[in-house]
Amino acid sequence: MSKPISEMGWDELVPGAALYTFDGDIDYNIADIQPEDRMYSETSSKSMSVGDWRVIKPVWNSETCIDCQNCWIFCPDTSIIARNKEMKGVDYEHCKGCGLCVSVCPTNPKSLLMFNEFETVENALSQWPEKKKKGE
Amino acid sequence: MNKRVMDLKKVEVWDGNMANSQALRQADVDVIAAYPITPSTATVENYCMFHANGYVDGEVIMTESEHAAMSACIGAGAAGGRVATATSSQGLALMIETLYQASGMRIPVVLCLVNRALAAPLNVNGDHSDLYLTRDSGWISIDAFSPQEAYDMTLMSFKISEHPAVRLPVISNQDGFMTSHTAQNVTPLEDDVACKFVGDYLQVNALLNFDKPVTHGVQTEQDWHFEHKAKQHAALMGSKKVILETFAQFKELTGREYKLVETYGDADANIAIVCLGSTFETAMLAIEQLKEEGINACVVAPRVFRPFPLEEIAEALQGMKAIACMDRSAPGGTVGTLYNEISGALINTPARPIISNLIYGLGGRDMTVAGLKNIFRTLDKEAREGKLSGKIQRFIGVRGPELSFYEAQGVQK
Amino acid sequence: MSTLVNTQKEIKNLKSFSTAAERFEGSHLLCPGCAHSIIVREVLNATNDNLVVSASTGCLEVCTAIYPHTSWDCSWIHIGFENSSTAMAGVETMNKALRNKGRISEDTPEPKFVTFGGDGSTYDIGFQWISGCFERGHDFMYVCLDNEVYANTGGQRSSSTPIGASTTTAPAGSHSYGEKRQKKDIVSIMAAHGAPYVAQVAPNKWKDMVKKIQRGFDTKGPVFINAMSACTTEWKFAPNQTIEVSDLAVDSLVFPLYEIIDGRELNITYRPKNIIPVRDYLGAQPRFKHLFKPEYEYLIDEWQQRIDKRWEFLQKREEIRM
């Protein structure tokens, strides 16, 4: 395994400050392979986390969720994971806590709600609101 | 190699622009993106004519400005193929930010720069203002003094630029009009020989290589920028080795020998001028004629302007008692570039010649044999008397009262 | 007349769209709630073809390619502010050259070339470059991420900034109501180049957008897409309101969704069930809040008149098919 980039001197860096997304050569069409099956290099931003940007986080309630995928399409941070047309959860490494997923969730009660960053998912789920009646 | 071969005569009569165009054609360039500007226009026009008649298999894009021309070259070069363009003066000034971008991104590009004065006032004739503007841009820069050399340098530029140890863009300079529009004998290589000499393009981090997606042109913050600029400078300095290898291979192929620093004159001469471009050849004539007066002079020129051959040029000037650094560019409030670089080269050596800075030939003003002889006579006087004959910087050949600046200080030998 | 051959994957509904394998990674540095990344994800997910992407200096470029991290799972190039379009023209031309010379095999599927630029780069500093690319007819798609301001440098006005918006270089103050100039009609200008396809899209209307993006990918020649990018930081609404504000924009017809084919035929592609007042759109963004002062309210009326007039014009053009 080669040195991590943070330890490299000027002589070891890739010329032109070019960055590779993946380790080594790839022999498949990237769009045909889901991210979890790709070999990301340390220089892909996927390897980083921006979770510490948050002060509030979205919590997902799979019981009320209807897999409409609104949250998936409108997440600016590729942090709503959908597989096989089903919502799988929130990627807390990359979620910045913007709350868009909550605002576009159509269910009643919503299947995504914002909670304090330090709240555990279990506690959050146990506090889930009831279905809102018409006019509320 | 292009499918349609051109049968060239053993000796052709080409001006500097045609020399460029033929070298570009033989080099099998993949994409040329260009914009017309005097006096480089014919380099591109000739090439377009070749293209229209089936002699060029690559693509030609006529962009809407010079900045766009170099931008397209960088994109095409990063995509993974051989690229080139040509410009002068205002066009060079317009594309200046892209020059820094190309070298920083380490994209091989060949730029045929036909040296012309920079406005204002507007002037289309030859001087070195545009060459000097590229000084810090991070490009390798080589200078041709004649159409033959323009052909040779442009051809070699590709080989140097694309070498895996270099991967830096190269400028192939020549004097506007004095070289570009003056037809002289040129002995070209045959198409297949030239193409073989330049070799196949080597792809490195190509955008069109989908096996290895790559991000080009990043932003670096204060924690990374210095390392990348250091690496770029190291590569530019190290390119000297590849340049010398290329010159050696070219000599074997053609018999024509090029050096980092070109000199002409007697080995025991103790006066010299340092200059660029066609002035070198004019000086050769002046030097021969002055032998009748008993004056031994020589002319020294950096063939390779960047990376600057500091050690080699200092070596060539060690024996000099008086040197005139002749700058063909408006000096902009200080001593000229060659004066600075020569003085900088000599200060860390034992040599302590008298050095003056002559500003000459701006906007295509002729530098004649007679004029150079006078300069050498003045240098001869300065060498014998051991002191400058006037101020450090003098304007030569301008109508009006004497224009000179900067007093020498202290005792001179 | 361009003949369209459908080569892109079928996207029946949002569920099937969600099966796309993302090629735009998180942990970029864009603001929480940024519409740029929603747009980029929709564009990249609309195709499974190989991609080469270029971007102008701006929020997208700066936040997705700060050394030593890249958010792009495809080849990507940034040169400068003006020249992302020309960079792509170079790539597209090199692709042609290498294929003609047999250095890229015919079996390699043709990639798609996509350029992203902000309104600063598109409407202003890079306008000449885009115009040149479109005139020369390069085969690529240019997506303008239009947040009506130079967002990356802190919110200065661009020629896309609409009347009355407060920006840092045309701020609202005691002697000014902010921007005095009309927003440039970039879609008409690009259509006037005779481009085979230009369209205006908004990321909240994802189906409309993805349909147009796919059409753009299948169109030979230069394609211009103006994408509304509601900017939480510069339009000054909360990060979780991006889709809500985008809805207001398209439903008030401030940002009408339409396409122009071959520079001539205009199709309106979204007709709101209820057209909402422009006032509601302006009221949702603090960058317009000074317009609600009594001395400036006339500007809101002028806004409404302008939007109504333009809607009439779009409908008339759609009718006459010219």
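Trainee: How many bridges join strand β9 of chain B to β2(C)?

Mentor: Good place to start, and bear in mind that this is a predicted model. Strand β9 of chain B covers residues 214-216 and runs parallel to β2(C). One of the pairings puts B:H216 opposite C:I77. The number of bridges joining the two strands is 2.

Trainee: Which are the edge strands of the open sheet?

Mentor: Let's walk along the sheet, whose order is β1(A)-β9(B)-β2(C)-β1(C)-β3(C)-β4(C)-β8(C)-β7(C)-β9(C)-β10(C), with mixed pairing among its 10 strands. An edge strand pairs on one side only. That description fits β1 (19-20) of chain A and β10 (265-268) of chain C.

Trainee: What is the bridge partner of C:Y142 in β8(C)?

Mentor: Look at strand β4 of chain C, residues 141-146, which runs parallel to β8, residues 223-228 of that chain. The two are joined by 6 bridges. Within β8(C), the partner of C:Y142 is C:F224.

Trainee: Which helix packs on the sheet at about 160 degrees to the direction of β7(C)?

Mentor: The helix you want touches β3, β4, β7 (197-201), β8 and β9 (258-261) of chain C. It spans residues 206-218 of chain C, and its name is α8.

Trainee: Which element gives the largest share of the side of chain C that touches chain B?

Mentor: Chains C and B each bring 38 residues to this contact. On the side of chain C, the elements giving two or more residues are β2 (75-77), α4 (84-100) and α6 (127-136). By class, that side has 20 nonpolar, 13 polar and 5 charged residues. The largest share, 13 residues, comes from α4(C).

Notes: Residues numbered from 1 in each chain as written. Chains lettered and ligands numbered in written order. Predicted model: local features only at pLDDT ≥ 70, side-chain atom pairs only at ≥ 80, totals over all residues. Pairing = 2+ DSSP bridges. Helix = DSSP H or I, 4+ residues; strand = E, 2+ residues; numbered from the N terminus. Contact = placed C-beta atoms within 7 Å. Axes fitted to C-alpha atoms, helices over the stretch in contact; angles between N-to-C directions. Nonpolar A, V, L, I, M, F, W, Y, C, P; charged D, E, K, R; others polar.
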